[in-house]
Amino acid sequence: MDDRPEPEPAGAAGAAAGGEDVVDDLILEQGAVVLRGYVIERIHAEEPLLHVSSEDLGGRPEEHQDPKIKEVVEQLLKIADDLNRNVELQRLVNQVQGNCAQEVFMQVARSIFSDGINWGRVVALFHLAYRLILKALTTNHLENIRMVIGWVLQVIREQLYPWLVQQGGWAGVIQHFARWRMAAVVASVLLVGMMVYYRRSR
């Protein structure tokens, strides 16, 4: 039996380090683009006076013009609407500090996916990252933006990559939207528990 470790997805290390769109692995590259699109659209909806571009988040100009990327972001935002209806979730997430430590973020991420992966839980991860990025923008800690994106890409690489391959990549959320939207309710309850843990561990 060959005991050599499996190679990491191409470009993963660089992506996790800074969040810049320099990876040459399609799932990781699209993950960064989709996350930035999710953050931008959520900011437009919740903070219309705050103007944010892809470049502000470490991306490329007009990277979200791809119709498929737009559709993926749209479906994730619809799932996120269910998360936003959870008042307790919002109260707890709003208490997250912009200087959240990587160790705490990774603990929360591991807990989100500890007993399974679905699109609702992926959105829960994106929602947490969005709140941290928004805090970084509104408190002028811009150096934290790419750091948080890098953390998300690290979670994708280490925990979600095989599952995303099985789904056919990020476009899988389009085919399975109706099914996975129901899972957002479960994800919201789980994320509330994770934020309680975060608040107690600060």
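Here are some friendly notes on the structure above, to read with the model open beside you.

1. **Where to begin.** Please keep in mind that this is a predicted model. The protein chain contains 10 helices and 0 strands. If you walk along the sequence, the pattern reads α-α-α-α-α-α-α-α-α-α.

2. **The chain as a whole.** Of the 202 residues in the protein chain, 52% are buried. The accessible surface is about 9,800 Å², and carbon and sulfur atoms account for 52% of that surface. Now look at which parts of the sequence meet. Taking contacts between residues at least 6 apart in sequence, 78% join residues at least 24 apart.

3. **Helix α5 beside helix α6.** Find α5 at residues 102-112 and α6 at residues 119-138. How do their axes cross? They come within 10 Å of each other, at an angle of roughly 160 degrees. Angles over 145 degrees count as roughly antiparallel, so α5 is roughly antiparallel to α6. The crossing of these two helices is right-handed.

4. **What α5 and α6 touch with.** On the α5 side, the contact uses Phe105, Val108, Ala109 and Ile112. Facing them from α6 are Arg121, Ala124, Leu125, Leu128 and Leu132. Sorted by type, the residues of this contact are 8 nonpolar, no polar and 1 charged. Try colouring them by type in your viewer.

5. **Helix α2 against helix α6.** Helix α6 also meets α2, and here the axes come within 10 Å and cross at roughly 60 degrees. This crossing, too, is right-handed. From α2, the residues in contact include Gly31, Val34, Leu35, Tyr38 and Val39. From α6, the residues include Val123, Phe126, His127, Tyr130 and Leu137. Which kinds of residue make up the contact of α2 with α6? They divide into 12 nonpolar, 2 polar and 3 charged.

6. **His64, a residue in a loop.** His64 sits in the loop between α2 and α3. Is His64 buried or exposed? Its relative accessibility is 15%, and the cut-off for buried is under 20%, so His64 counts as buried. Leaving out residues up to four places away in sequence, His64 touches Val33, Arg36, Gly37, Ile40, Ser54, Ile69 and Lys70. It is also worth tracing His64 to Val34: the two are 30 residues apart in sequence, yet their C-alpha atoms are 7.9 Å apart in space.

7. **Glu62, in that loop as well.** Glu62 also belongs to the loop between α2 (26-46) and α3 (67-84). What is the phi of Glu62? The angle is near 60 degrees, which is a positive value in a residue other than glycine. With a relative accessible area of 65%, Glu62 is exposed, whereas His64 is buried.

8. **Asn140, after α6.** Move on to the loop between α6 and α7 (143-166), where you will find Asn140. Its phi is positive, about 60 degrees, although Asn140 is not a glycine. Asn140 has a relative accessibility of 58%. Exposed means over 50%, so Asn140 counts as exposed.

9. **A short recap.** Helix α6 takes part in right-handed crossings with α5 and with α2. In the loops, Glu62 and Asn140 each have a positive phi without being glycine. His64, in the loop between α2 and α3, is buried.

Technical notes: Residues numbered from 1 in each chain as written. Predicted model: local features only at pLDDT ≥ 70, side-chain atom pairs only at ≥ 80, totals over all residues. Heavy atoms only, no water. Axes fitted to C-alpha atoms, helices over the stretch in contact; angles between N-to-C directions. Helix = DSSP H or I, 4+ residues; strand = E, 2+ residues; numbered from the N terminus. Parallel < 35°, antiparallel > 145°, perpendicular 65-115°, else oblique. Left-handed = near helix turned anticlockwise from the far one by under 90°. Contact = heavy atoms within 4.5 Å. Nonpolar A, V, L, I, M, F, W, Y, C, P; charged D, E, K, R; others polar. Buried < 20%, exposed > 50% of the residue type's maximum accessible area, 1.4 Å probe, protein only. Areas by Shrake-Rupley, 256 points an atom, 1.4 Å probe, with all protein chains shown as cover.
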